[in-house]
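Trainee: I'd like a close look at a single part of this model, please. Take me through one sheet and its salt bridges, then set those beside a few pairs found elsewhere.

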Amino acid sequence: MLNGEWEFYPHSLATSNSLPEHNKKYLRIPSISSWDGSFEGKDDFRYGTYRLKILINDTDIPTLGLRLNSVKDATLIYVNGQLIGGSGTPAIKENQHEADTIPYSVSFDTDKSEIELLIHVSSNLKEAGILKPIRLGTIDAINHRVYISNNLQLLLCVVLTLHLIYGIILFFIGSTQRKVMVYFSLLLFSAVISVLASDDRLLFTWLSIDYELQVKITFLSYIGIAAFIPPFIHNLFPNPRNKRMIRYFSLYCMLDIGFVLISSSKDIINLIQIVLGSVLIISVMISINILRKFINEIEGIIFIIIGCLSIAVNLIWTSNLSDASIDVMHYPFDLIFAILSFTAFWFKRFFIATSDAKKLAEQLQLEDQRKDDFLIKTSHELRNPLHGIMNMIQTILDDKDKPPSNEHKKHLSIAIDISKRLSLLLNDLLDVTRLKQKTIQLNMNRVNLQVVTAGVIDMLKFLGDKKPVKFKIEISNTFPPVLADENRLIQILFNLLHNALKFTDEGTIIIRASRINGMAHIEIEDTGVGMNPEEIERIFKPFEQASENNRTDSSGIGIGLSICKELVKLHNGDLSLKSTSEKGSIFTFSLPILNKSVEAEGTSPSKIENQMMDKVAATIEHVHPDQFCDLKDIHLNKRMKILAVDDDPINLYVLQNVLKNDGYEITTVSNGFQAVAKLEIESYDLVISDVMMPQMSGYELTKIIRNRFSLIELPVLLLTARTRSEDILTGLQSGANDYITKPVDSWELKARVRALSELKLTFEERLRMEGAWLQSQIQPHFIFNTLNSIAALSMMDTPRMQLLLEEFSNYLRLSFDFKNTEPTVPLDYELSLVRSYIYIENERFSNRLTVVWEIDDPIDIHVPPLSIQTLVENAVKHGILKKTSGGTIRIQIRKQNTFTTISIIDNGQGLPEDKLQDIFNQKDDYSKEQGIGLLNTDRRLRQLYGKGLVLKSKTGQGTVVSFSIPNNE
């Protein structure tokens, strides 16, 4: 290093031959203050020449080199009178002066033992000239030292840049501390610029940048480092109390940055120590103040303190070194140590956070399990009181003795609707937990999509609101069956259709199906309010709902669609949604179509029967045979007739095999329309119907049956795969006596059929006994009047007396005959009783009663006992004899192709319209003076033939009572 006294010639840029000896001065080099003290006057712009003679002992040396690290501001170097290099353009006038302070190296060769070194310098700064030692040596040594220095700076820049990239990546991937990443990245960016702009000034070596801009960039990077440390620490350890302090500091830094941007390089360099020093001091004080509050609260904060101190040391070192008269190689380890400290802190926090997260995850899993257990227990506990509330409300609504007012009925009905919704919600909560715990097992089987869809729509019609919304099924009857759990498929369809109905005020809900790549794609399209794209993204998440501001119904908690999606996934399908706001939605889910080979293998009659027998055998192991009496005992001498309705022939086959040995006569049909047709022409004791059937569901069939038969006249047993309370409620509300869930247990099926058969037999027995009892209750005055007539004729006309006595005897014998307890008797037997009765009444009222017989011949049919006689007796007593003038009764029996019509026509006083309607609405009140016989006869006819009495009457014109009997084959 060429340190020592140099000759200096102020105000002169001379060569070796023109040096002004009279103006020569000696200066200690390097020195900061020697430049300013060498000039007289107060001019800012100064120039001069440095001269040094170097003696060397060995002239046989390789190429020499000089390294100038800091000579302000413009320099030219002469060796032995030759120009070998420079930086900038030294000049004697300021307007010709061009500054440039980039360090540079020069090389030269010499064969002399003395080297004259001249350096021209010009500057407009107070602290200028040779500020750093000038190194002399071989060019290889000089370049090697520069190479090491440059690489150390580049190493530091690479380390800083890598962490800068990490910070940017963390910012864009959504780090929870985005502001921390912003300030950390800005801090590292400023540090990289400061490294490249100081020491060897690599940035300005690579880029051709004006000197003024070089100065601004350099000092802006210094200010940036100091400015970004406090907000970085503040966001890393947030405290609302520090916001104002950070805000004021940021404002001060912005003022300093503004000063650097608008000031000249001369002013910046002259004042930078004050500006940068104040920013650095304030930054350190604020950082210490923030960290002081967290030093005992946050583990690992010592690393942040060390990192900040390392940055501060680097700033102090860099700023002071630039003005110091010493020359050292670049020292990058303070900033590297700062980065390592920050990295250590984040790793420490990461490990702590990971450990805390693990503990928290375990705690959350435990709490989540407790939550699930709580939901399950709460749902189960709420179901019983909820159904109790529903039952109590329904009891109040059905109270005939103290009926509630219309307003109260309305309120109570709303309460029941709310309770039903809550019941559905409880079921969904249970399913959410089961799905989450993966405890739901699917019973995959062949399912007819058309049938299931029709059944679900029927359920919605029973349970849903009375909206002007039409359901339209566009599923072909030839659409192949799907492989699914029928119960869960019903749940999926119910939730989707109920959701569509809830958000559709009026319009149409269309259900269609198509076959795509071996999967059945079912679409449910509505004309409701629709959804926007944001709502579609989250609608399938648990406990998520569409926004309520444009919804007609915001009930529910948003788990129905989530359950549907999970259930569809369990079926190896997918559920998707297309929707347009205010136009409607289309839900589409897919299910696997049943493979024909699987269907053939899994649903053969023998296999089904074997499975059923296995189930029966398994059941028998737990049920002692003595607990059941012989089911044949209940049939007495009659074979009970059962009408079985199911669209699946396999199910019908199973029913026949299970019940065939118990004496039942089973008729099978495949749909509801066939069942209705059978009921028109034949009588049955029990109907067993599947719920899910094409064209007409079991619910609709039951409603049709109830329009003709009461619960005890023709019991209905529904077979259903549905076990939810709303499914059972729908079946019972449609008029079913009982239900049994599939897959059917044979003992349970037999027991329920037995119970309903006993009910039907008891009812039939009661009807027959009631008819016989009614006939046996011959009124005393009828016997008394008949005996009086016999006594009178004995004195007047003995032959007539004998005939009357014979007919009376015949009437009594037939009235008390045990045949009257049979379901039917021959027509001639019934007409014999009628003729005896009419003969007796003719003898008593010959002038008031006329009977006309209109009977086709021959007629070989059976009729219920005491049926025609009851109608004739009713016509005589309540029709003809109520008129003083009497009247005529026509007994008309007409044979048609398939049936025979029996009519009793009188021209008596007739009945008013209101009494005509009340005749068949009477209950079992035997205190009534009339109508009991008609009611009993009507019930027996309906029970036997499906049709009862047809009654027509007009006041003053008479009455016509008729019924039809199928002809004997």
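Mentor: Happy to! One definition first: a residue counts as buried when its relative accessible area is under 20%, as exposed when that area is over 50%, and as partly exposed in between. Please keep in mind, too, that this is a predicted model.

Let's begin with the sheet. Six strands form an open sheet, in the order β2-β1-β3-β9-β6-β7, and their pairing is antiparallel. The edges are β2 (25-29) and β7 (82-87), each of which has a pairing partner on one side only. On average, neighbouring strands of this sheet are turned by 30° against each other, direction ignored.

Now look at strand β1. Five bridges join β1 to β2 in the antiparallel sense, and across that pairing Gly4 stands opposite Ile29 of β2. β1 also pairs with β3, again antiparallel, over four bridges; here Pro10 has Gly48 of β3 as its bridge partner. As for solvent, β1 is mostly covered, with six of its seven residues buried.

Strand β3 (residues 46-55) carries the sheet onward to β9 (residues 114-123), and those two strands are held in antiparallel pairing by ten bridges. Within that pairing, Tyr50 stands opposite Ile119 of β9.

With the strands in place, we can turn to the charged side chains. Arg51 makes a salt bridge with Glu7, and their closest N and O atoms are 2.8 Å apart. This pair links distant parts of the chain, since Arg51 belongs to strand β3 and Glu7 to strand β1 (residues 4-10), 44 residues apart. How accessible is Arg51? Its relative accessibility is 11%, so Arg51 counts as buried. Glu7 has a relative accessible area of 14%, and therefore Glu7 is buried too. The pair also belongs to a wider group: Glu7, Glu21, Lys24, Arg51 and Glu116 are linked in a network of salt bridges.

How many salt bridges are there in the whole structure? A search finds 21. Two further ones make useful companions to the pair in the sheet.

Take Glu682 and Lys641, whose side chains meet in a salt bridge at 3.2 Å, N to O. They too link distant parts of the chain: Glu682 is in the loop between α18 (672-681) and β21 (686-690), while Lys641 is in strand β19 (residues 641-645), 41 residues apart. At 26% relative accessibility, Glu682 is partly exposed, whereas Lys641, at 18%, counts as buried.

Then there is Arg752, which forms a salt bridge with Asp738; the closest N and O atoms of this pair are 2.8 Å apart. Arg752 lies in helix α21 (residues 746-776) and Asp738 in strand β23 (residues 738-741), so this salt bridge ties together parts that are 14 residues apart in sequence. Arg752 has 25% relative accessibility and therefore counts as partly exposed. Asp738 has 17%, which falls under the 20% limit, so Asp738 counts as buried.

To bring it back to the sheet: Arg51 counts as buried, and Glu7 is buried as well. In the other two pairs, a partly exposed Glu682 meets a buried Lys641, and a partly exposed Arg752 meets a buried Asp738.

Key
Residues numbered from 1 in each chain as written. Predicted model: local features only at pLDDT ≥ 70, side-chain atom pairs only at ≥ 80, totals over all residues. Heavy atoms only, no water. Pairing = 2+ DSSP bridges. Axes fitted to C-alpha atoms, helices over the stretch in contact; angles between N-to-C directions. Salt bridge = Lys/Arg side-chain N within 4 Å of Asp/Glu carboxyl O. Buried < 20%, exposed > 50% of the residue type's maximum accessible area, 1.4 Å probe, protein only.
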